[in-house]
Amino acid sequence: MDEGRNMILLFPSLIKFESKEDRDKFAPTCHMFYPMRQVDIPDGKPKWTGIDGQSDLCEDSPPDLKRKREEEKKKEGKEKKEKGDE
């Protein structure tokens, strides 16, 4: 376990799934710390430079997700600027 962060390193081969649906629940949704990877993973999932949602997307991420993230960052920047002006 990871010091209260609700994470655990678990090898999927240790789990005996009853069905494909059960196995799909453990499918990755993104890759974190991707610049430090040992192998490329061309699976179309978002690839983050650090913690997902709190860092930048890597070049290998899907283009539509990268555009969406850039728009979110611009919006966050505008909101922070507006709050600072009040």
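Colleague: Why is Met7 called partly exposed?

Modeller: Met7 has a relative accessible area of 42%. The scale calls under 20% buried, over 50% exposed and anything in between partly exposed, with a 1.4 Å probe and protein chains only. So 42% puts Met7 in the partly exposed class. The areas come from the Shrake-Rupley method with a 1.4 Å probe, and for residues only the protein chains shown count as cover.

Colleague: What kind of model are we looking at, and what goes into the values?

Modeller: This is a predicted model, where local features need pLDDT of at least 70 and side-chain atom pairs count only at pLDDT 80 or more, while totals for chains, interfaces and linings use all residues. Residues are numbered from 1 along each chain as its sequence is written, and side-chain values use heavy atoms, with hydrogens and water left out.

Colleague: Where does Met7 sit?

Modeller: Met7 is in the segment before α1, and Leu9 is in that segment before α1 (20-24) too. Helices are DSSP runs of H or I with at least four residues, strands are runs of E with at least two, and numbering starts at the N terminus.

Colleague: What makes Leu9 exposed?

Modeller: The relative accessible area of Leu9 is 71%. That value clears the cut-off for exposed, so the label follows.

Colleague: Which residues make up the nonpolar patch on the surface?

Modeller: Ile8, Leu9, Leu10, Phe11, Leu14 and Phe26, with about 700 Å² of accessible area together. Patch members need over 30% relative accessible area and no salt bridge; like charges are joined within 9 Å, nonpolar side chains (Val, Leu, Ile, Met, Phe, Trp, Tyr) within 5 Å.

Colleague: How do you know that Phe26 has the accessibility for that patch?

Modeller: Phe26 is at 54% relative accessibility, which counts as exposed. Since 54% is over the patch threshold as well, Phe26 qualifies on that score. Phe26 lies in the loop between α1 and α2. Leaving out residues up to four places away in sequence, Phe26 touches Ile15 and Phe17, where contact means heavy atoms within 4.5 Å. The C-alpha atoms of Phe26 and Pro12 are 8.0 Å apart, with their positions 14 residues apart along the chain. For Phe26 and Met7, 19 residues apart, the C-alpha separation is 13 Å.

Colleague: What makes the Lys25 and Asp22 pair a salt bridge?

Modeller: A salt bridge needs a side-chain nitrogen of Lys or Arg within 4 Å of a carboxyl oxygen of Asp or Glu. The closest N and O atoms of Lys25 and Asp22 are 3.8 Å apart, so the pair counts. Lys25 is exposed at 66%, whereas Asp22 is partly exposed at 27%.

Colleague: How many salt bridges does the whole structure have?

Modeller: The search finds 8. Among them is Lys73 with Asp56, at 2.5 Å from N to O. That pair links distant parts of the chain: Lys73 is in helix α2 (residues 63-85) and Asp56 in the loop between α1 and α2, 17 residues apart. Lys66 and Glu59 also pair up, at 3.2 Å. Then there's a network of salt bridges linking Arg37, Asp40 and Asp60.

Colleague: Why is Ser61 called buried?

Modeller: Its relative accessible area is 5%, so Ser61 falls in the buried class. The side chain of Ser61 reaches the backbone nitrogen of Lys47 at 2.8 Å. A polar contact is a pair of N or O atoms within 3.5 Å; within protein, one must be able to donate a hydrogen and the other to accept it, and residues adjacent in sequence count only if both atoms are side-chain atoms. Beyond its neighbours within four places in sequence, Ser61 is in contact with Lys45, Pro46, Lys47 and Lys66.

Colleague: How many disulfides are there?

Modeller: There are 0 in the whole structure. The sulfurs of Cys30 and Cys58 are 11 Å apart, and a disulfide takes a pair of cysteine sulfur atoms within 2.5 Å, so this pair fails. Cys30 is buried at 19%, and Cys58 counts as buried at 10%.

Colleague: What makes the phi of Phe33 worth a look?

Modeller: Most residues other than glycine have a negative phi. Phe33 has a positive phi of about 55° although it is not a glycine. Phe33 lies in the loop between α1 and α2 and counts as partly exposed at 38%.
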